[in-house]
Amino acid sequence: MDQPGKPDFKKREQIAARVSAAFKARGYQLVQYGGATVEQYSRGKYTTSDVDLGFVDAAPSLDVRAQVMESLGCERGTRLYLLDGVVVDLGGQAELLSTKLIELNTPEGLLLLEAPEESLVQRILMAVYPQEDEDQKKAALMLMVQALAGNLPMDWSESIDWRRCLDSKFSR
C-alpha cells in the first residue's frame with residue numbers, strides 16, 4: 001500500500017514511461033533505477049515517492065532536458081521536475097554496473113529498468129555505505145524475497161561478482 005500523499009506505483013510507472021517516450025522521440029534513451037525500480041520488482045511492496053531516470057548513453061544538455069520536460073507540462077527545472085504529482089529525478093548519464101536492462105511494456109510505451117542484480121547490489125551498498133540505512137536494507141530484503149519466491153529472475157552469481165567488485169573498490 002502506498003504511503004499517504006504518495007501516488008501509487010502504477011502512476012509512477014506511467015510517468016516514467018511517458019518521460020522515456022518523450023526523450024526517445026528526441027533520440028535519447030532513459031533507464032529507471034533506484035527506489036521506483038525496487039517498487040516495480042517488489043510488485044509495490046516497497047514504496048518510494050519519486051522516479052529516478054538516467055540516460056543510457058549520452059545525456060542531452062540541460063536546455064534540451066528542460067524543453068522536453070516543459071513539453072510534458074512541467075515547470076522549467078534543472079534536475080527535479082513535478083509531473084502529475086510525481087517527482088521525476090532526471091539525472092545525467094546513468095552509472096550502471098551492468099549493461100543488462102529489463103524492458104517493461106506499458107500502455108505509455110517501453111520502460112527500461114536497471115537489472116534486478118544491479119538493483120540488489122546497489123541497495124546492499126547503500127544499506128551500509130556511507131552509513132547504515134534501514135530503508136535500503138528493507139529494499140534489499142524485498143528484492144531477495146521476490147527472487148527467492150520465484151517472482152523475480154535473479155542471477156545470484158552475477159550479484160555476488162558485483163558485490164566483490166564493490167568490496168574491492170571501497171576497501172582500499
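D84 sits in the loop between strand 3 (80-83) and strand 4 (86-93). This is a predicted model, and that loop is a handy place to start reading it. The phi of D84 is near 50 degrees, which is a positive value in a residue other than glycine. With a relative accessible area of 45%, D84 is partly exposed. G85 belongs to the loop between strand 3 and strand 4 as well, and at a relative accessible area of 47% G85 is also partly exposed. Looking across the chain from there, the C-alpha atoms of G85 and S49 are 9.8 Å apart, with their positions 36 residues apart along the chain.

D84 has company in the backbone department. R43 is not a glycine either, yet its phi is positive, at about 60 degrees. You'll find R43 in the loop between helix 2 (35-41) and strand 2 (50-55).

**The chain as a whole**

How many helices and strands does the protein chain have? There are six helices and six strands. Reading from the N terminus, the elements go α-β-α-β-α-β-β-β-β-α-α-α. Of the 172 residues in the protein chain, 46% are buried. If you take the contacts between residues at least 6 apart in sequence, 63% of them join residues at least 24 apart.

On confidence, the mean pLDDT of the protein chain is 87, and 88% of the residues reach 70 or more. The start of the chain is another story: over residues 1-5 the pLDDT stays under 50, and for that stretch the model has nine contacts beyond four places in sequence.

**Two helix pairs**

Helix 1 (residues 9-24) packs against helix 3 (residues 62-71) at an angle of about 125 degrees, and their axes are 10 Å apart. Angles from 115 to 145 degrees fall in the oblique class, so helix 1 and helix 3 are oblique to each other. Their crossing is right-handed. Which residues meet here? From helix 1 come V19, A22 and F23, and from helix 3 come R65, V68 and M69. By class, the contact of helix 1 with helix 3 has five nonpolar residues, no polar ones and one charged.

Helix 4 (residues 116-128) and helix 5 make the other pair: their axes come within 8 Å and cross at roughly 150 degrees. Anything over 145 degrees counts as roughly antiparallel, so that label goes to helix 4 and helix 5. The crossing of helix 4 and helix 5 is left-handed. On the helix 4 side, the meeting residues are S119, L120, R123, I124, M126 and A127, while helix 5 brings Q136, K137, A139, A140, L143 and M144. That contact divides into eight nonpolar, two polar and two charged residues.

The loop between helix 4 and helix 5 holds P130. A cis peptide bond joins Y129 and P130, with omega at about 5 degrees.

**K137 and L110**

K137 takes part in the contact with helix 4, and its own place is in helix 5 (residues 134-148). Is K137 buried, exposed or in between? K137 is partly exposed, since its relative accessible area is 31% and the partly exposed class runs between 20% and 50%. Beyond its neighbours within four places in sequence, K137 is in contact with A127 and E132. R123 is 14 residues away from K137 along the chain, with a C-alpha separation of 6.8 Å.

L110 lies in strand 6 (residues 109-114). Its relative accessibility is 31%, so L110 counts as partly exposed. Which residues does L110 touch, leaving out those up to four places away in sequence? They are S20, E103, L104 and N105. L110 and A21 are 89 residues apart in sequence, but their C-alpha atoms are 7.4 Å apart in space.

Here are the three C-alpha pairs side by side.

| C-alpha pair | Separation along the chain | Distance in space |
|---|---|---|
| K137 and R123 | 14 residues | 6.8 Å |
| G85 and S49 | 36 residues | 9.8 Å |
| L110 and A21 | 89 residues | 7.4 Å |

Conventions
Residues are numbered from 1 along each chain as its sequence is written. This is a predicted model: local features need pLDDT of at least 70, side-chain atom pairs count only at pLDDT 80 or more; totals for chains, interfaces and linings use all residues. Side-chain values use heavy atoms; hydrogens and water are left out. Axes are lines fitted to C-alpha atoms, for helices over the stretch in contact, and angles run from 0 to 180 degrees between N-to-C directions. Helices (H or I, at least four residues) and strands (E, at least two) are DSSP runs, numbered from the N terminus. Angles under 35 degrees count as roughly parallel, over 145 as roughly antiparallel, 65 to 115 as roughly perpendicular and the rest as oblique. A crossing is left-handed if the near helix is turned anticlockwise from the far one by less than a right angle, and right-handed if clockwise. Contact means heavy atoms within 4.5 Å. Ala, Val, Leu, Ile, Met, Phe, Trp, Tyr, Cys and Pro count as nonpolar, Asp, Glu, Lys and Arg as charged, and the others, Gly among them, as polar. Buried means under 20% relative accessible area, exposed over 50%, partly exposed in between (1.4 Å probe, protein chains only). pLDDT is the predictor's confidence in each residue, from 0 to 100.
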